[in-house]
Amino acid sequence: MIDEYDLIVFPVVVGGGKRLFADGSPPRGFAVRSTRTTASGAVHLVLAPEPFRTGEYAVEDGQEVTRLE
């Protein structure tokens, strides 16, 4: 079991590569524990698994809102 994912995402697409999750994997939810943007534009994310929740997005009074089930 994984307690936390520590990812660095670079805003560049360089072609195909290894996938983080296998094809056919069930959907998973993640809670963002922290984020940081480096001077080069890379984004450092710390994510912790949590139950996957479905929901919908809507705009109310000019603001985006989320309704989770």
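Reader: Where does aspartate 61 lie?

Author: This is a predicted model, and in it aspartate 61 belongs to the loop between strand E4 (55-60) and strand E5 (63-68).

Reader: Why is aspartate 61 called exposed?

Author: The cut-off for exposed is over 50% relative accessible area. Aspartate 61 comes out at 83%, so it counts as exposed.

Reader: What makes the phi of aspartate 61 worth a comment?

Author: Its sign. Most residues other than glycine have a negative phi. Aspartate 61 is not a glycine, yet its phi is positive, about 55°.

Reader: Where else is a positive phi given, and for which residue?

Author: Look at the hairpin of E2 and E3, which has five residues between the two strands. Glycine 41 sits in that turn with a positive phi of about 100°.

Reader: How do you know that E2 and E3 pair?

Author: Count the bridges. Pairing takes at least two, and E2 and E3 have eight, in the antiparallel sense. One of the partnerships is valine 32 with leucine 47 in E3.

Reader: And what makes E1 and E3 a pair?

Author: The at-least-two rule again. E1 and strand E3 (residues 43-50) are joined by five bridges, also antiparallel, so they pass. Leucine 7 has leucine 45 as its bridge partner in E3, and isoleucine 8 stands opposite histidine 44.

Reader: Why do strands E1 and E2 count as edges of the sheet?

Author: The sheet is open, with three antiparallel strands in the order E1-E3-E2. Strand E1 (5-9) and strand E2 (29-37) each have a single partner strand, so each has one side without a neighbour in the sheet. From one strand to the next, the twist averages 25°.

Reader: Back to histidine 44: why is it called buried or exposed?

Author: Buried, because its relative accessible area is 16% and the limit is under 20%. Histidine 44 lies in strand E3.

Reader: What makes the link between histidine 44 and aspartate 6 a polar contact?

Author: The distance cut-off is within 3.5 Å for a pair of N or O atoms, one able to donate a hydrogen and the other to accept it. The two side chains come to 2.4 Å, so the distance satisfies the rule.

Reader: Isoleucine 8 stands opposite histidine 44, so is isoleucine 8 buried or exposed?

Author: Exposed: isoleucine 8, in strand E1, has 53% relative accessibility, and since the cut-off is over 50%, it counts as exposed. Between isoleucine 8 and threonine 35 there are 9.7 Å, C-alpha to C-alpha, though they are 27 residues apart in sequence.

Reader: How do you know whether alanine 31 is buried or exposed?

Author: Its relative accessible area is 14%, and with the limit at under 20%, alanine 31 is therefore buried. This residue lies in strand E2. From alanine 31 to histidine 44 it is 13 residues along the sequence and 14 Å in space, C-alpha to C-alpha.

Reader: Now the largest pocket: how much space lies in it, and what lines it?

Author: About 270 Å³ of space lies in the largest pocket. Its lining includes Leu7, Ile8, Val9 and Phe10, along with Val12, Gly15, Lys18 and Leu20.

Reader: How do the lining residues of the largest pocket divide by kind?

Author: Eight are nonpolar, three polar and one charged. Lys18 is in the lining, and Lys counts as charged. Gly15, Gly16 and Gly17 also line the pocket, and since Gly counts as polar, they go in the polar group.

Conventions:
Residues are numbered from 1 along each chain as its sequence is written. This is a predicted model: local features need pLDDT of at least 70, side-chain atom pairs count only at pLDDT 80 or more; totals for chains, interfaces and linings use all residues. Side-chain values use heavy atoms; hydrogens and water are left out. Helices (H or I, at least four residues) and strands (E, at least two) are DSSP runs, numbered from the N terminus. Axes are lines fitted to C-alpha atoms, for helices over the stretch in contact, and angles run from 0 to 180 degrees between N-to-C directions. On a 1 Å grid over the protein atoms alone, a cavity is a set of points where a 1.4 Å probe fits but cannot get out, and a pocket is an open set with protein on both sides within 12 Å along at least five of seven lines; lining residues have an atom within 4 Å of a point. Grid points are joined across faces, edges and corners, and a volume is the space filled by probe spheres set on the points. Buried means under 20% relative accessible area, exposed over 50%, partly exposed in between (1.4 Å probe, protein chains only).
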